[in-house]
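The exercises below are meant to be worked through with the sequence and the three-dimensional view side by side. Try each task before reading its solution.

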Amino acid sequence: MKEGNGLARFEVREEFYLNQQPFKLLSGAIHYFRIQPEDWYHSLYNLKALGFNTVETYIPWNMHEPEKGQFDFEGSLNIEKFLQIAQDLGLYALLRPSPYICAEWEFGGLPAWLLKEEMRIRSSAPAYLAAVASYYDELMPRLVPHLLENGGNILMMQVENEYGSYGEDKEYLRAVRDMMLERGVTCPLFTSDGPWRAALRAGTLIEDDVLVTGNFGSKAAYNFANLQAFFDEHGKKWPLMCMEFWDGWFNRWKEPVVTRDPEELAEAVHEVLQQGSINLYMFHGGTNFGFMNGCSARGSIDLPQVTSYDYEALLDEQGNPTPKYFAIQRMLKKYYPEYPQMEPLVKESFELKDIPLSEKVSLFETLEDVAQPIESLYPMKMEELGQNVGYLLYRTEAEWDADEERIRVIDARDRMQLFVDGNFITTQYQTEIGEDIFVPRQKQSTHQIDILIENMGRVNYGHKLLAETQHKGIRTGVCKDLHFMLHWKQYPLELKNPEKIDFTKEWHENQPAFYAFDVELKALKDTYLELTHFGKGIVFVNGVNIGRFWDVGPTLSLYIPHSLLKLGQNRIIIFETEGKYSEFIHLVHKPTFKTIKGVNL
């Protein structure tokens with residue numbers, strides 16, 4: 001963004017300065033990778049319409065380098081296009097291209113292929129730094145032209161994300177900073193951490209003049225006082241900024257949706273603005289399309305997050321204003337009338353019920369069409385097979401040595417379903433995996449054993465990022481009686497090409513299966529697929545994986561953006577693992593929820 005005959009300039013002094021004038025950052029988080037590109041303008045416009053001046057986004061390494069050395073910056077990953085739309089609307093940008101992002105995103109944004117490498121992630125280990133450097137060689141040249149001083153709109157970039165809640169390897173932090181500088185990043189840099197001394201001391205580069213910001217969702221006066229005390233301790237006169245002001249929260253399976261009163265939130269935001277700058281996390285949450293939901297670590301178990309990243313933010317999952325949007329709009333008009341506002345944009349949705357089932361087929365029947373087997377003596381982990389996400393089917397044959405055979409799956413993640421001769425036996429999840437499973441002898445002497453493993457998402461925060469639990473699949477083996485079984489076929493099921501499913505083959509009850517529904521559309525609007533009568537699985541819309549569903553709630557529907565639909569014939573394919581399905585599906589105007597623990601959602 002140019003000014004006069006020169007370039008605009010952003011500085012961090014005792015306040016933020018833009019072109020030598022004090023500048024308050026009114027920022028909102030919009031993750032380009034959680035929103036379809038056709039909707040970027042809609043979300044960014046609504047941010048500008050609220051009176052805000054800046055957009056913030058993370059940059060997910062695992063999406064831009066899904067396989068080692070293979071990079072993708074197209075479509076929904078075109079960060080440059082996203083920045084240009086924001087600039088055209090008059091919005092500045094804060095970028096967080098740190099290798100780790102958390103964000104309730106699969107593995108915190110770290111690519112799963114790192115698990116195959118001999119390295120300690122988020123550390124000064126040479127192998128890890130080399131992987132980051134290779135990624136930055138591709139990423140930074142795409143960002144540098146968009147720096148403010150180069151005529152773009154980027155004000156600041158983040159070095160690392162909440163590192164004080166993970167480590168204190170300052171050599172690592174300096175290495176990441178230096179990689180950015182060496183690749184042409186000249187804007188101010190910052191870190192963001194919890195606003196208490198232990199986290200700030202461990203996770204910042206305050207001694208190297210890298211701006212320190214805090215993350216919190218309430219009690220601004222108290223948290224800013226802690227941040228100011230840390231500044232004073234190091235002789236810094238810096239502006240106060242909350243880099244993540246949590247205006248809502250994410251959701252996990254089997255838990256009620258988290259809510260927050262809009263008027264209370266507006267006053268809490270006002271409390272922040274009285275002392276400093278703000279980035280609302282989230283402004284528009286969007287969707288964890290595909291297998292990209294993250295997972296919370298709780299003791300011995302992990303708690304996967306749902307597909308919707310609505311976050312109960314200022315814009316809903318679809319991108320339309322919520323009561324929180326209007327509460328903050330009223331607060332800004334009252335206290336900060338100098339920030340101009342406009343009417344927000346609102347998208348329409350549509351409803352179409354009773355779409356009949358077109359065809360169905362069992363996974364086991366079409367298995368060889370959708371996956372090529374990899375044979376090994378013992379079961380292999382998902383990452384060893386070159387697979388990052390999705391499902392993995394293990395198959396072997398065995399003789400029964402007793403009228404009732406004992407089977408145990410030793411050390412597997414995350415969720416296991418056992419089938420013998422195509423018949424469902426049981427499901428085990430995390431803490432149950434490894435318990436005895438007793439299976440009676442059948443008429444035949446040899447039995448086919450199938451074990452379907454679902455990777456439900458890797459943790460995105462905390463010490464478990466390093467843990468063995470982030471390797472998925474069967475990690476040790478399968479015992480029959482007291483011995484490990486041999487000679488396995490593994491079928492990796494990322495299901496990237498659903499068009500390979502052969503629906504001419506048979507369907508069997510109580511097996512994982514694919515269900516196809518065809519619908520003709522004469523107009524394109526957003527909608528939600530209601531999945532009340534299905535059990536657990538994923539959905540493809542015209543070949544695109546729009547995410548996971550599970551009848552445990554709290555969500556019982558999946559958002560379908562208008563851009564994934566097309567005029568004329570559309571195909572929706574549901575992969576369902578529990579044997580629960582319906583002969584009809586319904587597209588509805590709004591998301592569907594389940595009441596959990598007496599809370600009416």
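**Exercise 1.** In this predicted model, find which residues form a nonpolar patch on the surface, and decide whether Leu 486 is buried, partly exposed or exposed.

Solution. Begin with the members of the patch, which are Leu 377, Tyr 378, Phe 484 and Leu 486, and which together have about 350 Å² of accessible area. Next, place Leu 486 along the chain, where it lies in the loop between β25 (483-484) and β26 (488-493). Finally, compare its relative accessibility of 32% with the cut-offs: because partly exposed covers the range between 20% and 50%, Leu 486 counts as partly exposed.

**Exercise 2.** Determine where His 487 lies, what is notable about its phi, and whether it is buried or exposed.

Solution. His 487 is also found in the loop between β25 and β26. Its phi is positive, at about 60°, although the residue is not a glycine. Since exposed means over 50% relative accessible area, the value of 58% makes His 487 exposed.

**Exercise 3.** Carry out the corresponding analysis for Glu 104, giving its phi, its place and its burial.

Solution. Phi of Glu 104 is near 55°, which is a positive value in a residue other than glycine. Glu 104 belongs to the loop between β8 and α4. With a relative accessible area of 7%, Glu 104 is buried, because the cut-off for that class is under 20%.

**Exercise 4.** Describe the surroundings of Ser 123, starting from its place in the chain and ending with the contacts of its side chain.

Solution. Ser 123 lies in the loop between β8 (92-96) and α4 (126-143), and it is buried, with a relative accessible area of 7%. Leaving aside residues up to four places away in sequence, Ser 123 touches Tyr 128, Leu 129, Asp 169 and Tyr 172. Its C-alpha atom is separated by 8.2 Å from that of Leu 173, although these two residues are 50 residues apart along the chain. The side chain of Ser 123 reaches the backbone oxygen of Arg 120 at 2.6 Å and the backbone nitrogen of Ala 125 at 3.1 Å.

**Exercise 5.** Locate the cis peptide bond that joins Arg 413 to its partner and the one that joins Gly 553 to its partner.

Solution. Arg 413 is joined to Asp 414 with omega about 10°, and Asp 414 lies in the loop between β19 (404-413) and β20 (415-420). Gly 553 is joined to Pro 554 with omega about 15°, and Pro 554 lies in the loop between β30 (544-550) and β31 (557-560).

Note on methods: Residues numbered from 1 in each chain as written. Predicted model: local features only at pLDDT ≥ 70, side-chain atom pairs only at ≥ 80, totals over all residues. Heavy atoms only, no water. Patch = residues over 30% accessible without salt bridge, like charges linked within 9 Å, V, L, I, M, F, W, Y side chains within 5 Å. Areas by Shrake-Rupley, 256 points an atom, 1.4 Å probe, with all protein chains shown as cover. Salt bridge = Lys/Arg side-chain N within 4 Å of Asp/Glu carboxyl O. Helix = DSSP H or I, 4+ residues; strand = E, 2+ residues; numbered from the N terminus. Buried < 20%, exposed > 50% of the residue type's maximum accessible area, 1.4 Å probe, protein only. Contact = heavy atoms within 4.5 Å. Polar contact = N/O pair within 3.5 Å; in protein donor to acceptor, adjacent residues only side chain to side chain.
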